[in-house]
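Trainee: I am new to this structure and would like a close look at a single part of it, the largest pocket. Could you take me through what lines that pocket and where the lining comes from?

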Amino acid sequence: MEVAQYINSDVRGVPLHLQASKPMSGFTQRLKGKQGRFRGNLSGKRVEYTGRTVISPDPNLKITEVAIPILMARILTYPERVSQHNIEKLRQCVRNGPNKYPGAKFIKHPDGTEISLMFSSRKRHADELKFGYIVDRHLEDGDIVLFNRQPSLHRMSIMSHRARIMPWRTLRFNESVCNPYNADFDGDEMNMHVPQTEEARTEALMLMGVSLFLPSIFT
């Protein structure tokens, strides 16, 4: 009987003198259900660089765009490598720091050193910025993000959009894209993920872009 309870603690017909004084979880209980190993820890594990809030419509956006609240854009970051094309922009982000948009949170040196811009001298670090450094900057217009509405029933339940940073507190997109997400605006919430490498951004754009599913969206 004890072996049976180790496998399934909900087994029926256990005599009172054999019942455990404290409730126990058998192997079956640890695996099944929303809090079990499969759904709770493998399929549904926690991830970083993601945001979730209520959605609302905005007909002035392109169907490839999603409006991200500026409050969310200050928290989510993208690691951009310093080059001759973006060094002045990233220097200004470093000067602004983590609390002023558009700003930055960290600087990573090629040797692995990571500098937080919360309390350090931002002006000095901006002047010392060199090619090859990586700046964790705030999200900006044009960044690639993944947009998802659960339950994810088919591949169009998660597609890539281009970010557009705007005020207010909701994620907004063109209502023409409601059909593949099966979304409406009665309080639905959606998830947004920020790819962290150029390879991931390219894959998201080439394989999951909204424009690739245009015939399916309008049918």
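Mentor: What follows goes through the pocket, its lining and a neighbouring topic, the second largest pocket. Please keep in mind from the start that this is a predicted model, with a mean pLDDT of 87 for the protein chain and 89% of its residues at 70 or more. The largest pocket holds about 400 Å³ of space, and its lining is made up of Ser43, Gly44, Lys45, Arg46, Val47, Thr50, Gly51, Arg52, Asn148, Gln150, Asn191 and His193. Two elements, strand 1 (50-57) and strand 10 (189-193), each give two or more residues to this lining, and strand 1 provides the largest share, with three residues. Sorted by class, the lining has one nonpolar residue, eight polar residues and three charged ones.

The second largest pocket, with a volume of about 300 Å³, is lined by Lys34, Gln35, Arg39, Gly40, Asn41, Ser43, Gly44, Lys45 and Arg46. Ser43, Gly44, Lys45 and Arg46 therefore appear in the linings of both pockets, where a lining residue is one with an atom within 4 Å of a pocket point. By class, the lining of the second largest pocket has no nonpolar residues, five polar and four charged.

As for confidence along the protein chain, strand 2 (residues 65-69) has the highest mean, at 95, while helix 9 (residues 214-217) has the lowest, at 66. Where pLDDT is low, the predicted coordinates should not be read in detail.

Notes: Residues numbered from 1 in each chain as written. Predicted model: local features only at pLDDT ≥ 70, side-chain atom pairs only at ≥ 80, totals over all residues. Heavy atoms only, no water. 1 Å grid on protein atoms, 1.4 Å probe; cavity = no way out; pocket = protein on both sides within 12 Å on 5 of 7 lines; lining within 4 Å. Points joined across faces, edges and corners; volume = space filled by probe spheres on them. Helix = DSSP H or I, 4+ residues; strand = E, 2+ residues; numbered from the N terminus. Nonpolar A, V, L, I, M, F, W, Y, C, P; charged D, E, K, R; others polar. pLDDT = per-residue confidence, 0-100.
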